[in-house]
Amino acid sequence: MADVPMLEMKGITKRFPGVLANDKVDFDLFAGEVHTLLGENGAGKSTLMKILYGLYQADEGEILLNGTPTLITSPTAAIEHNIGMIHQHFMLVETLTVAENVALGLPSSRGALTDLDAVSEKIVQLGSQYGLEIDPEATVWQLAVGQKQRVEIIKALYREAQLLILDEPTAVLTPQEVDQLFDTLHQMTADGRGLIFISHKLHEVLALSDRITVLRQGRVTGYTTTEGATRSSLASMMVGREVKLAPDKPDVETGSAALEISGLSVIGDRGNVVIDGIDLTVNEGEILGIAGVSGNGQRELAETIAGLRQAESGSITIAGTDVTNQRPVDVRAAGLAYVPEGRMKDGIIGLFTVAENLLLIDHNSKEFLDAGLLNFEAIRTHSQDLVDEFAVKTPSLDTPVRSLSGGNIQKLILARELSGTPTVLVASQPTRGVDIGAAEYIHKRLVQQRSEDTAILMISEDLDEVFGLSDRVAVMYEGEIMGIVDPKKATREQVGLMMAGVSQEQALA
Ligand SMILES: Nc1ncnc2c1ncn2[C@@H]1O[C@H](COP(=O)(O)OP(=O)(O)OP(=O)(O)O)[C@@H](O)[C@H]1O
Ligand SMILES: [Mg+2]
């Protein structure tokens, strides 16, 4: 390592209305290393990185690049200083090709002619150098999530980023894609780049980083080298107490079929068959896990059950009521609670307050009506209870939801959907993006609802979660169910093979 760090952030303070997001934070990074920022939802990780990338200005503190105090007033300035950022929400133009996206915004693209062939050539070269193979002529909307991320990384490399910020880059990736990404990142540090990594997945943090800084409530509360750290030592550093990494699950006798899906076929957004005649039953008091690499029809399955997408053929019933192609409100009335995967898009109304969002589905409940009028006191008490129970970090019940951190928005939706005892719960990626303390609580809640006879369909890419919670595991591949296995008997490898399209017979052989 060089003597002078490539980056020093000193005494960074950033205030938002009612929140001290960063409180005198010190952070540094040397060339050739990965330094992880770890912390609970709302701890201030993204804020610190947005300051570094010129998206926010710090109220106090300074940034030194290679020892020189530097003002970074915009992302353009950050790029000029060879800083790149991979955001969780990709910033690509869907209708343009990969090469066009990479060329977009380059100084040369403002001239009359951009040599797209030269850009394509460089993309192919960077791709083979860093294991980021991609077709430069492909149009972005056709790409899978993992491929879009490759384009973002190539874009940063093309702009000669030496310091790369990766804010939860693995949250949307499949396990295989994560392995590939890590190979790429190792290559980059070997070439002398410095990486700042953010993730809630502790095994990833341990596998990738050299050093780890822990943030809590905007302040640096811990620091360690990765050597000698363990998942549980990191967990307690973050949360300040021991954390259970796998839930206790009592035996529950399952009841009758609560959710029955038969012969269901669905056409996707691109006009192709995304669900191909599947049959599934979930019984009362049971968690059926759906394992699978995302993009194999899981999202469409959840949306079709919730009434947000049309079924081409087949049927869906909840406790015997046919809800096929019914309106979302009617499906809810039949007993469904739904935690969507795209929570920013489908789960909340960003301009509404925390309290209003918590009430979105509950507004007919008698509890909150007093002689036909809304009982505001009861509503506020109920909202405050949920916020406390799920540890949603918010300045107040009246804060607009869009100013909460990513993970806290997730917790809010979970609080709303898990607060009742629905007949059927469909939960997509229930702990994606939430910190481990919250994940522990959500798992406890799911197990509790199972004890109260809710039938739970849990869609997850996290095999730890699938194996830890499910009573049965269905594996989905290209719109079909490859098989249903007993998680006490099947291994991860077997399920992994089925996720890749190997038949159950062959996988278990
Ligand atoms: N633009 C904003 N306006 C108001 N408050 C904000 C804004 N951005 C962040 N905050 C607040 O600052 C705090 C830190 O948020 P930040 O997004 O940095 O957290 P984080 O550590 O990245 O969390 P997560 O793991 O959930 O992504 C939170 O309380 C959040 O509500
Ligand atoms: Mg964040």
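Which residue in strand 9 does Gly39 stand opposite? Gly39 stands opposite Leu215. The notes below build outward from that pairing. The model is predicted.

1. **Strand 3 with strand 9.** Strand 3 covers residues 34-39, and strand 9 covers residues 211-216. The two run parallel. They are joined by 5 bridges. Gly39 facing Leu215 is the place to look when tracing this pair.

2. **Strand 9 with strand 10.** Strand 9 also pairs with strand 10, residues 219-225. Here the direction is antiparallel, with 6 bridges. Arg216 has Arg219, in strand 10, as its bridge partner. The two strands form a hairpin with 2 residues between them. In that hairpin, Gln217 has a positive phi near 45°. In general, strands of a sheet pair through backbone hydrogen bonds, either parallel or antiparallel.

3. **A four-stranded open sheet.** A separate look at the sheet of 4 strands: its order is 2-1-4-5. The sheet is open, and the pairing is antiparallel. Strand 2 and strand 5 (68-69) sit at the edges, each pairing on one side only. Strand 4 (residues 60-65) connects to strand 5 through 2 bridges, and this pair is antiparallel. Leu65 has Thr68, in strand 5, as its bridge partner.

4. **The ligand shell.** Ligand 1 is surrounded by 18 residues. The closest are Phe16, Asn41, Ser46, Thr47 and Gly407. Three elements give two or more residues to this shell: strand 2 (19-29), helix 1 (45-52) and helix 14 (406-417). Strand 2 is thus named twice in this note, here in the shell and above as an edge strand. What is the make-up of the shell by class? The shell has 11 polar, 5 nonpolar and 2 charged residues.

5. **Two domains.** The protein chain is divided into domain 1 (7-239) and domain 2 (257-335 + 422-508). Their centres, taken over C-alpha atoms, are separated by 32 Å. Contact between them involves 11 residues of domain 1 and 11 residues of domain 2. On the domain 1 side, helix 8 (residues 231-239) provides the largest share, 3 residues. That side divides into 6 nonpolar, 3 polar and 2 charged residues.

6. **Arg231.** Arg231 is placed in helix 8. Is Arg231 buried, exposed or partly exposed? Arg231 is partly exposed, because 15 other C-beta atoms lie within 10 Å. A residue needs 20 or more to be buried, and 12 or fewer to be exposed. Arg231 and Val243 are 12 residues apart in sequence. In space, C-alpha to C-alpha, the two are 9.8 Å apart.

7. **The largest nonpolar core.** This core has 134 residues. Leu52, Val426 and Val475 touch the most other members. Helix 15 (residues 436-451) gives the most, with 6 residues. Why does the core lie between domain 1 and domain 2? Both domains give residues to the core, so it lies between them. In soluble globular proteins, nonpolar side chains tend to be buried together.

8. **Leu52 up close.** Leu52 is one of the three core residues that touch the most other members. Which residues is Leu52 in contact with, leaving aside its neighbours within four places in sequence? They are Met9, Ile63, Ile72, Ile83 and Ile165.

Methods. Residues are numbered from 1 along each chain as its sequence is written. Chains are lettered from A and ligands numbered from 1 in the order in which they are written. This is a predicted model: local features need pLDDT of at least 70, side-chain atom pairs count only at pLDDT 80 or more; totals for chains, interfaces and linings use all residues. A nonpolar core is a set of buried Ala, Val, Leu, Ile, Met, Phe, Trp, Tyr and Cys residues joined through C-beta atoms within 7 Å. Domain bounds come from an automatic or database domain assignment. Two residues are in contact if their C-beta atoms, placed from the backbone, lie within 7 Å. A residue is near a molecule or strand if its C-beta atom, placed from the backbone, lies within 6 Å of it. Ala, Val, Leu, Ile, Met, Phe, Trp, Tyr, Cys and Pro count as nonpolar, Asp, Glu, Lys and Arg as charged, and the others, Gly among them, as polar. Two strands pair if DSSP finds at least two bridges between them.
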